[in-house]
Amino acid sequence: MSDDYLVRIGKLIRDARQHRGWTQAQLAEALATSQSAVNRIERGNQNISLEMIARIGEALDSEIVSLGYAGPMHLRVVGGRRLSGAIDVKTSKNACVALLCASLLNKGRTVLRRVARIEEVYRLLEVLGSIGVRTRWINEGVDLEIVPPATLDLESIDADAARRTRSIIMFLGPLLHRTDRFMLPYAGGCDLGTRTVEPHMIALRRFGLEIAATEGQYHAVVDRSVSPDRPIVLTERGDTVTENALLAAARHDGVTVIRNASSNYMVQDLCFFLEALGVRVEGIGTTTLTVHGMRTIDVDVDYSPSEDPVEAMSLLAAAVVTESELTVRRVPIEFLEIELAVLEEMGLDHDRTPEYVADNGRTRLVDLTVRPSKLEAPIDKIHPMPFPGLNIDNVPFFAAIAAVAQGQTLIHDWVYDNRAIYLTDLNRLGGRLQLLDPHRVLVEGPTRWRAAEMMCPPALRPAVVVLLAMMAAEGTSVLRNVYVINRGYEDLAERLNSVGAQIEIFRDI
C-alpha cells in the first residue's frame, strides 16, 4: 500500500473509533495489540493487511473500515463444550429502541445509560442523525447522549436505515406533536409474516393522525382539532402499539386513558422514562394506563433502562442445551417467572439469589444459577400469552430446550405467521421437529446434535436458537450471515466465549 492510502485508511479508522466513543487503548485491547500500534495505524505510519482492516471494521462495527464490501458476517462454532462461570444480562433491546423514539418528545438533553450496542439501535441512531438529532456515545462508549435540534429535518430522513428497522413505526407517536405533515418509510425488521399496522392507526387516529400508505412511505397528516374524548381501547394488546399510544399521549395536553394496554417489560420501562420527563402515568404494570400529558417537555433527563428478560432466557437456554452449570446475573425475574415455572415442571435444577433493584430503581432482579438437569417434556403445550404470561419472544428457546428433554413437546407459536417454520431449521442439526401447521411444531427429544453449515434464519430468536444448538453439537458448525442476530444482541459470540464457548467471527474476504 502507498503512503497516501495508508494515511486515508488511518483517518477512516480514527473517525470510526471516535464515532464509537472508544479510545485508542480500547481499540488496541479489542484487537489484542498495543496502543502505539493503533496510533501508528491512524497516522498512516503502519503497513496494514486486509485481514487487519477486516478485524478493525468488526471491532468498530464500521463497514467503512474496509477495502470495498467486506461481505456478511458469519460464525464458526466448535460445539460440545460446557459453559461455566457467570455472565451478566445486558440492557433491554426493546426498551432501548422505545426510549430512543421517546427522546423525540424532549427538547432537552437525554442521557440513556448502558444502551444496548446492537444493529437495531445503530439503525435508529442513523435515522435520528439524518433528521438533525445529535447523538454521541459518552463515558467510554457506555452511555448515549441525545440532543434534539429546534426543528427536525424530516425531509432528509435516512430511508434505507429506517426500512431496516420495524421500530421506526414508533416515530409516529412523537412526531405527530412536532409537525402537521410528514412522511416515514415503511417499517422493516424480522421476516415474521404479515403484521398489520392498523392497530397503531386506530390508536393514533384519536390524536388526529391520518395515514395514507403510498410508494413505500407513510404519508401522515395531523388534524389539531382532534383529541381523545374517551378512553382509547387498543384492538391489539401489542407492545409497540401500546408504546405508540403512550408516546402520543405524553405530549397531549390532557388526560388520556389507554385500555387493553400491554404491561410488558419494555412498556414499563417507557412509562418509567416518561415519569422521569415529568409525565405522570398511572396503572404501570396493568392493562389500563392513565397518562397526564404535557404540552411541552424540556428537561435534562438521565435514565437507566432495565435488563433484557429475553436475553436472560437466551443465556439460560444456552446453559440448558449445553448441559452446563452457569450463573446468569441481573435477571429481571418479574418477566421470567412463568418460563421458570415451566422449566421447573420439566425438571430444571436451579437456584436464585434474593431480589435486588435494577438501576432504574423499579425493576426486580435476581442472579440465577442453572445446573445440568434431566428434563422431561411438559404435560401441557408451550404457548405465549401477553404479560404476565410466557413471553412471545421466549417461545423459540423452548424448541431447543424441548429437544434435549425426554418426550414430545407441542409448541404453539400463534402470534407470528412464519416463525414456527424457522424452528424446523434445528432438524439440520439433528433435531426431530415436525411442523404441524404454520403455528405448531411437535418436538421429539432427547436429541443427539450434529454439526452443520447453514444460513441464518431471517428471524432473530430462531436464529439464536440455531446458534445454541450448534454450541451443543460435537464438531464444527458454520452459521452464515448473522446480521439478524446482531440486530438484537450485543457481542453475543464474544460474551458466550467468555464463559467457555468457542465461536469465531469471520467474513468472506
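The legends below describe close-up views of a predicted model.

**View 1. Division of the chain into domains.** The chain is divided into three parts: domain 1 covers 1–58, domain 2 covers 71–89 + 306–505, and domain 3 covers 91–301. Domain 2 is thus written as two segments, 71–89 and 306–505. Between the C-alpha centres of domain 1 and domain 3 the distance is 37 Å.

**View 2. The largest nonpolar core.** This core has 154 residues. Phe171, Trp449, Met471, Leu479 and Ile485 are the residues with the most contacts inside it. Helix α16 (residues 460–472) gives the largest share, 11 residues. Both domain 2 (71–89 + 306–505) and domain 3 (91–301) contribute residues, so the core lies between them. Apart from neighbours within four places in sequence, Ile485 is in contact with Cys456, Leu460, Ala463, Val464, Leu479 and Leu492. A second core of 16 residues is separate and includes Ile13, Met52, Ile53 and Leu60.

**View 3. Helix α16.** The helix has 13 residues, and from its first C-alpha to its last it reaches 19 Å. That span is close to the 18 Å expected at 1.5 Å a residue. Helix α16 is mostly covered, with 13 of its 13 residues buried.

**View 4. The hairpin of β7 and β8, with β6.** Strand β7 (residues 209–214) and β8 run antiparallel and are joined by six bridges. Within this pair, Ala212 has His219 of β8 as its bridge partner. Two residues lie between the strands of the hairpin, and Glu215 takes a positive phi near 50°. Strand β8 (residues 217–222) is also joined to strand β6 (residues 181–185), by five bridges, and these two strands run antiparallel. Here Arg181 stands opposite Val221 in β8.

**View 5. The four-stranded open sheet and helix α10.** The strand order is β9-β10-β12-β11, and the pairing is mixed. At the edges are β9 (232–233) and β11 (280–282), each of which pairs on one side only. Three bridges connect β11 with strand β12 (residues 288–292) in the antiparallel sense. Val281 stands opposite Val291 of β12. Across β10 (255–259) and β12 lies helix α10 (residues 239–250), which runs at about 25° to β12.

**View 6. The three-stranded open sheet and helix α14.** Three strands, in the order β18-β20-β19, form this open sheet with antiparallel pairing. Its edge strands, β18 (407–412) and β19 (432–437), each pair on one side only. Neighbouring strands are turned against each other by 20° on average, direction ignored. Five bridges link β19 with strand β20 (residues 440–445), and the two run antiparallel. In this pair, Arg432 has Glu444 of β20 as its bridge partner. Helix α14 packs on the sheet and touches β18, β19 and β20. The direction of α14 makes about 25° with that of β20.

**View 7. Surroundings of Asp393.** Asp393 is found in the loop between β17 (364–371) and α14 (395–403). Its relative accessibility is 16%, and because the limit for a buried residue is under 20%, Asp393 counts as buried. Neighbours within four places in sequence aside, Asp393 is in contact with Asn94, Val310, Tyr416, Arg419 and Arg461. Among these, Asn94 falls within the bounds of domain 3 (91–301), whereas Val310 falls within those of domain 2 (71–89 + 306–505). Another of the contacts, Arg461, belongs to helix α16 (residues 460–472).

**View 8. Surroundings of Phe506.** Strand β23 (residues 503–507) contains Phe506. With a relative accessible area of 12%, Phe506 is buried. Leaving out neighbours within four places in sequence, the residues in contact with Phe506 are Pro72, Met73, His74, Leu75, Arg76, Val478 and Arg480. Phe506 and Ile48 are 458 residues apart in sequence, and their C-alpha atoms are 18 Å apart in space.

Terms used
Residues numbered from 1 in each chain as written. Predicted model: local features only at pLDDT ≥ 70, side-chain atom pairs only at ≥ 80, totals over all residues. Heavy atoms only, no water. Buried < 20%, exposed > 50% of the residue type's maximum accessible area, 1.4 Å probe, protein only. Contact = heavy atoms within 4.5 Å. Pairing = 2+ DSSP bridges. Axes fitted to C-alpha atoms, helices over the stretch in contact; angles between N-to-C directions. Domains from an automatic or database assignment. Core = buried A, V, L, I, M, F, W, Y, C linked by side-chain atoms within 4.5 Å. Expected span 1.5 Å × (residues − 1).
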